Structures are given as structure tokens and as C-alpha cells.
Amino acid sequence: MQRCPIDQAVDEVLRRLPIHIHMGLPLGLGKPNAFVNALYARIRELPQRRLTIYTALSLGRPPLGDGLQRRFLEPFVERVFADYEELTYVADLRADSLPPNIRVEQFFMQPGSLLHSVSAQQDYISSNYSHAARDINAKGLNLVAQLVAATPERPDHLSLACNPDITLDLLPMIEKRRAAGETILLLGQVHSELPYMPGDSELAVTDFDLLIDEPEQRRLFSTPNMPVSTQDHCIGLHASSLVRDDGTLQIGIGAMGDAVAAALLARQGDNDGYRALLEALDIGPWQVLIEREGGLDSFAQGLYGCSEMFVNGLLALAEAGVVRRPADEQGVLVHGGFFLGPQAFYQRLREMPLAQRAQFAMTRISFINELYGQEDLKRRQRRDARFINTAFGMTLLGAGVADQLEDGRVLSGVGGQYNFVAQGHALQGGRSILLLRSWREAGGEVSSNLYWTYGHCTIPRHLRDIVITEYGIADLRGQTDSEVIARLLAISDSRFQAQLMAQAKAAGKLAKGFELDQRYRDNTPERLEAIRARHGRLFPEYPLGSDFTAQERDLLRALNWLKSKFKLSEVLELGKAALDAPGPEGYEAHLVRMQLDQPKGLKEELYQRLLLAGLAATR
């Protein structure tokens, strides 16, 4: 093991590896950005050398945009991301300006961030998360570079911390190739803010060939909690009713994952209110399913978490005593492959005693995302598993869409979703649950997220299981095509039911005389908003905390409303909204935050009026 500064580490990599460097980087948080940028800059100036980067979820600050969005984001981004070092290759990917001797191949993208990058779209690899190590190794990987964590309590070890996921699966493959005479380097850099996670993710210091001798001090990338809407809360509430006490839970990141966590916290901490709210949502049609597969009682035994991503929601559930069923005699409450979250999430992990941190066991992705290998153990641990994932679209025949647009552009990636859906079918007592917003609105246009057909699917319809929208639950497992259609129509938005029903009948998949039960014809946002008004405390906007100030939360609501209601290119619509806006009284501090308290010129006056319209509409 050689300790050296970053520039010397770059020299060593160039000296010891062949002309073409195949570098593997962890998914998400665990990339040593400073080293990656230094190697990238050096190879960019050496046209005789080549670099291919294999990775996923290359994180970057959100683009600031212009106009009102920029005025909101600029100070927020500076505060939250501070001195976080951006990856140079991410900026070049977005601009389609990668050097000709460098390529970046990813199997998962930061959602929506590279839709317009030709190089990123062409070099996307469609692989299951559990196959990534195999596929990267087959490409000729010869360098693995990763952030690691250190602790005085374990001076001879380093922790892969946030990202043992693929690295632990790669190590046996690497050793086999090394034994055959290949040179493959493992490089690490300690990050001072990265929580040290004990257990499987620990490696001996001597396992590393190169170790950057200066710990990284700059800010870790974080994902601020976003607001949870009425729509998402209702989805989470329905999903929470299918989680069985003494069972197993997997959830993901984002507002819908936070909504599930919030509903489970309410089920545990405010059971009377929780039951009253579900009654108001009219869960009668799914009462038998809930009694058979889940329950409404608080958790007497608690849950075990098994999730490729150890998220803030799982930590909050553990802190509240919902996640408390040990998977094994070591007392592990959660098995995770990688973690990513807000700064408060990292801080809570850092402040835990090491023995408590061991309850959150970070390990290889093949252990979590697959059943083969230690199958008997996994089946015992993962009893009554509920694998809860999200989709942005669903066909009426039960195929899920979560990664790719109809025109072929990749929004994010398959990741581990298929793995968990397959496990939901393979495990006795297991269920796969896909969460779906039934409708969306952009630029004043409302459209359905349930379609008759779609040009692509992530989850094939032969693996259809449970689908949940804000309007209820559709149990699709083992059902005929006509019954699947009927059950999905029952949880679709009523504005689109007639058209969807007509398409199904025209295709001969639904009886010509089929009529939807009257109780499902009032699936409207207005009905759900009225329920929220009566049960407000169970609809927290930020159930897991927020990095936004109170004024920023108001502003974010207003900006999202403007984005949903108006096409910014339509001057007449914007002009009317501006004319109808209230005066600035009561919103002075908001205008100061957006630097619009004293508008200069016509453009800023329009911005001020639009912002006031949004604030008034969402107060």
C-alpha cells in the first residue's frame, strides 16, 4: 500500500496501468471527485492515452436555470452544497463535450439530468444493479477508485461506508484476474465527513494499492428532502396498510418513499388518527387484501429493512421503533448496499456509537438484490417482504415504466427495481408494490400516467403484482387481462377513465357492456384535498425534515404551482396571472429573498407579480 498526494496518485496510475485505463467508480456518493478530476484533466491532455469510466448516478448540483428558478436556487445551492467539488466529466456530459479519448458508461443516471446528452444516452448500459459488477469486470476494469471512511477505533481498517455495493462483488473477480497476472489497482481516499460503517464494508488498509494521504474535507453531496404532496401522501398511506408486522421492508428515495415512511410513522405513533384517515380515504374495496397481506395496527414486533438504498426514511423508522426486528443474532436491523441523503442523515450516522451503527449493515449488492447465494438465510430473514418501488407510468395491462421515455431516451435506469419485483414473486409471503401518481400536470396540461399502450416497459406485465395510486390499491397478481384493466381503471383519475375504458374495449380486452362502479368515479384531486383539510396533521409537507427555510418552503410551493399551471412561453397567460396577482403586503420577506423587493424594469416587475400570484395561490 502506497500513501501519496493526488498528483502522485495520478502519476502512479499512469505509470502502472496500460494505455487504456478502465476506471470503475461507485454509484452515487462514494466517488473521490478530486482524484477523478485530476486524472480526467491529465488524460485530456494526453491524446495517446484513453480513459473509460464505468459508474452510475454521477451526482451534480441542480442546474440553476434562469429567471425565477435561478433566483430561488442560487442562494440555496450555495448554502446546501457549499464547497462540494463537482465532477468535471458530468459538466462535459451535459454539454456533449467529452474529450475524444474519454468515455463515460453508466447503468443509472441522476434522474432526468442527461435526457439531452447525446453521449450519455448512447453510452448508457441497461443492466440490473446486481449484474453491474459482472458487466464492468468483463469490460477490462483495471482501476477502482473510491471514497472511504476512517475511525480511530479501527486504525488498521477503512470502511467502504456509503458504497460497498458493487466493490465487494468486484473484489473476488479482481483477485482472480490478479492471480492470472493482470495489474488492477484499488485506490481509496478518506472523507472526513463520511460515516464509518463497520461489518462487511470494512477492508484492511493494506488491501488498497494507493491511498490519498490527505483526507477530503469538502462537503459531501446531499439530497435535500423535497415536499410531499397530497397525492404522494395518499399513495404512501395506501402502501403502509399492506406492510405486515414482523415482516420486511424495502423503500426508495424521493417524495413517495418519504410518504410511505410518514404513513408508517403515523400508523405507529398516531394509530387512531391513522385509521380515521384511511377510513376517510374509503379503503373498503381493499379491506380483505389489507387484512390478508398487511394490517392497520401499530407494530408489536417491528420490521426488518432490506433495501439496496439505505435511505433517510429507514433511519427515521428505526429511530421511531418501527424498524426493530433483528435479521440475525448480530442484531442487524437494516441491510443496505449504498446510502445517500440529506446532511442531517449523515450527521445522525456519524454521531452514533460504532456498535449502534453496526445495526445498519452495509454490504454487497448481490446479497440484497438477489436470492441466490445464502438463499436459505435470505428466505428466513426476508419473511413477508414488501418491496415498494416507484414508476412514472403503467399500462392498463400491467406493465410498469420507470426508467425510459417512449422515444428511447433514458430518464434514470433499471437499477435494482427488476430484482426486487422478481423477489416479490419468488419469496413466500413476498409482494412487489409499485407506486404511481395517476396523473401529472405541466404547463397547464393534465395527462394520465396510466396508458393503454407505451413503447417501452421496465417491469413486464407477467410480473405485475400490486399497483398503488393516490386513489387506491390494485392487486393484479394472477388476474385475467380484463380484471387487471378493471382494477387499474378503479384507481385511475376520473378525468381519464372514459377514454382509457374506450381504448380497452376497442382492443377487445374489456367487455363492451363493462361499466365502472360508481364508487370509483369520484377519483379527483378535489376529493383528496378535502380529506387533507380534515386530517391536516397527518399530511406534513416535510415529514423527515427540511433544508429549506420557512420562506423558501413558501417560495417552492409558489414556483411549483407556476410551473404546473403556465407555459412560460405563453405571454398572454402570464400577463393575466400577473394582473390578477395581489399586492406585496405580507410577502415582503419573500420578495427580499428573491431580490424582487425593488424590481428594476419591466422584466423584474413581471417576475414580482408572477411570484405574488403563486404565493397567494399556495398559501
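**Exercise 1. The second largest pocket**

Task: Work out how the lining of the second largest pocket divides by class, and which residues and elements contribute to it.

Solution: Begin with the classes, which in this predicted model come to 11 nonpolar, two polar and six charged residues for the lining of the second largest pocket. Next take the volume, which is about 300 Å³ for this pocket. The lining is made up of 19 residues, and those closest to the centre of the pocket are Pro285, Trp286, Ile473, Arg487 and Tyr520. Finally, look for the elements that give two or more residues to this lining, and you will find α11 (287–293), β22 (472–475) and α18 (481–490).

**Exercise 2. The cavities**

Task: Determine how many cavities of 30 Å³ or more a search of the whole structure finds, and describe the lining of the largest cavity and of the second largest.

Solution: The search of the whole structure gives three cavities at or above 30 Å³. Turn to the largest cavity, whose volume is about 160 Å³. Its lining consists of 18 residues, and Lys31, Asn33, Tyr84, Leu147 and His191 are the ones that lie nearest the centre. Two or more residues of that lining come from each of α2 (33–44) and β7 (185–191). Sorted by class, the lining of the largest cavity holds nine nonpolar, four polar and five charged residues.

Then move to the second largest cavity, which has a volume of about 80 Å³. Here 13 residues form the lining, with Gly24, Leu25, Pro26, Ile166 and Leu170 closest to the centre. At least two lining residues are supplied by each of β3 (50–55), β5 (143–148) and α7 (167–179). The classes in the lining of the second largest cavity are nine nonpolar and four polar residues, with no charged ones.

**Exercise 3. Positive phi angles**

Task: Locate Ala82 in the chain and Asp384 likewise, and decide for each whether it counts as buried or partly exposed.

Solution: A general point comes before the two cases: most residues other than glycine have a negative phi. Ala82, although it is not a glycine, has a positive phi of about 45°. Follow the chain and you will meet Ala82 in the loop between α3 (67–81) and α4 (88–94). Because its relative accessibility is 27%, Ala82 counts as partly exposed.

Asp384 is likewise not a glycine and has a positive phi of about 45°. The loop that holds Asp384 runs between α16 (375–381) and β14 (385–390). Asp384 has a relative accessibility of 17%, and therefore it counts as buried, the cut-off being under 20%.

**Exercise 4. Cysteines and disulfides**

Task: Find how many disulfides a search of the whole structure gives, and explain why Cys306 is too far from the closest cysteine sulfur for a bond.

Solution: The search of the whole structure returns zero disulfides. For such a pair, the two cysteine sulfur atoms would have to be within 2.5 Å. The cysteine sulfur closest to that of Cys306 belongs to Cys162 and is 19 Å away, so the distance is too far for a bond. As to surroundings, Cys306 is buried, with a relative accessible area of 1%, and Cys4 counts as buried at 0% relative accessibility.

**Exercise 5. Strands and their partners**

Task: Describe how β11 and β12 pair, and then establish which strands stand at the edges of the sheet that contains β15.

Solution: Strand β11 (residues 304–310) pairs with β12 in the parallel sense, over five bridges. Among the individual partners, Gly305 is bridged to Val334 in β12. Because six of the six residues of strand β12 (residues 334–339) are buried, this strand is largely enclosed by the rest of the structure.

Now consider the open sheet of three strands, which has the order β16-β15-β20 and mixed pairing. At its edges stand β16 (400–401) and β20 (450–451), each with a single partner strand, so one side of each has no neighbour in the sheet. The pairing of β15 (residues 393–395) with β16 is antiparallel and extends over two bridges, and within it Met394 has Gly400 of β16 as its bridge partner.

**Exercise 6. An annotated region**

Task: State where UniProt places the domain feature, and give the helix and strand content of residues 341–504.

Solution: The UniProt record, an unreviewed entry, places the feature "domain: Acetyl-CoA hydrolase/transferase C-terminal" at residues 341–504. Over residues 341–504 the chain is 32% helix and 23% strand, and the C-alpha atoms at the two ends are 41 Å apart.

Terms used
Residues numbered from 1 in each chain as written. Predicted model: local features only at pLDDT ≥ 70, side-chain atom pairs only at ≥ 80, totals over all residues. Heavy atoms only, no water. 1 Å grid on protein atoms, 1.4 Å probe; cavity = no way out; pocket = protein on both sides within 12 Å on 5 of 7 lines; lining within 4 Å. Points joined across faces, edges and corners; volume = space filled by probe spheres on them. Helix = DSSP H or I, 4+ residues; strand = E, 2+ residues; numbered from the N terminus. Nonpolar A, V, L, I, M, F, W, Y, C, P; charged D, E, K, R; others polar. Buried < 20%, exposed > 50% of the residue type's maximum accessible area, 1.4 Å probe, protein only. Pairing = 2+ DSSP bridges. UniProt positions renumbered as here; feature names shortened; annotations may be inferred.
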